[in-house]
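Q: I have just opened this one and don't know my way around. Can you walk me through the pockets first, then the strands?

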Amino acid sequence: MEPVNRHLIERIDAYIEALFTPTDPALSQNLADAEAAGLPPINVSPNQGRLLYLLAKIVGAKRVLEIGTLGGYSTTWIARALPADGLLVTLELEPRHAEVARRSLERAALAPAIDIRVGPAAESLRDLIRSTTAPFDLIFLDANKSGYVEYLELALELSRPGTLILADNVIRHGLVLDPSPADVNDAGAKAYNEVIAHHPRLESLILPIVRARVDGLSISLVR
């Protein structure tokens, strides 16, 4: 058996991607547009996108909340899992990022199901709470990790028993193992992991994601 190394990990990732995420024109153009606009290349991988899609399908999500739109790549994956009357509310801090995402979602014929809200995520979440919006079936956190604990507490006010809460980038290539991470995002991810591990309203686990770097996706079910 071949020993585990970076080359083997890359081969396995490519094998899974070739089997389950064949080339998709809308998603490929989404990535190209994001790169052309100078957006940071921090979108989820195709395999992670497929995982988000499947999780949304598994829970039968009709209402989804995404915190961190970027160029709309993960938004596209999740929105494709929604039924015809589904809704995805996605929050993005940067207007330029939101505009790239809006164009991509229109091209993918998903725009009618998407509500892009621009501004600080915590403020947008509080606006949703004040408006007494219906609870969401799935919530995906993929924004600044320093805000994850605050976003979680606000997101729980927008949840119901059975809501699935996912958070990306919670291992940070092992930097969360440091007793006191120096970087605010590493520290934020570490704090988030500790909160979901002991939160009385959540049942949780972290799924390691191994590619060029080791990261993780947390999965929490609201009790």
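Q: How much space lies in the largest pocket?
A: About 930 Å³. A pocket here is an open set of points on a 1 Å grid over the protein atoms alone, where a 1.4 Å probe fits and protein lies on both sides within 12 Å along at least five of seven lines. Grid points are joined across faces, edges and corners, and the volume is the space filled by probe spheres set on the points.

Q: What kind of model is this?
A: This is a predicted model, where local features need pLDDT of at least 70 and side-chain atom pairs count only at pLDDT 80 or more, while totals for chains, interfaces and linings use all residues. Residues are numbered from 1 along each chain as its sequence is written, and side-chain values use heavy atoms, leaving out hydrogens and water.

Q: Back to the largest pocket: which lining residues are closest to its centre?
A: Ile42, Asn43, Asp142, Lys145 and Asn169, out of 39 that line it. Lining residues have an atom within 4 Å of a point.

Q: Which elements each supply at least two residues of that lining?
A: α1 (6-20), α4 (73-79), β2 (87-92) and α6 (121-130). Helices (H or I, at least four residues) and strands (E, at least two) are DSSP runs, numbered from the N terminus.

Q: And the second largest pocket, how much space is in there?
A: About 230 Å³. It is lined by 13 residues, and Asp13, Ile16, Asn47, Ile209 and Val210 lie nearest its centre. Two or more lining residues come from each of α1, α3 (46-58) and β6 (202-210).

Q: New topic. Is β2 mostly covered or open?
A: Mostly covered, with 5 of its 6 residues buried, meaning under 20% relative accessible area with a 1.4 Å probe, protein chains only.

Q: Which strands pair with β2?
A: Strand β1 (residues 63-67) is joined to β2 by 5 bridges, running parallel. β2 also pairs with strand β3 (residues 114-118) in the parallel sense, over 5 bridges. Pairing takes at least two DSSP bridges.

Q: Which residues face each other there?
A: Arg63 has Leu87 in β2 as its bridge partner, and Thr90 stands opposite Ile116 in β3.

Q: What about Thr76, buried or exposed?
A: Thr76 is in helix α4, and it counts as buried because its relative accessibility is 2%.

Q: What does Thr76 touch?
A: Leaving aside residues up to four places away in sequence, Thr76 touches Leu27, Asn30, Leu105 and Leu110, where contact means heavy atoms within 4.5 Å.

Technical notes
Buried means under 20% relative accessible area, exposed over 50%, partly exposed in between (1.4 Å probe, protein chains only).
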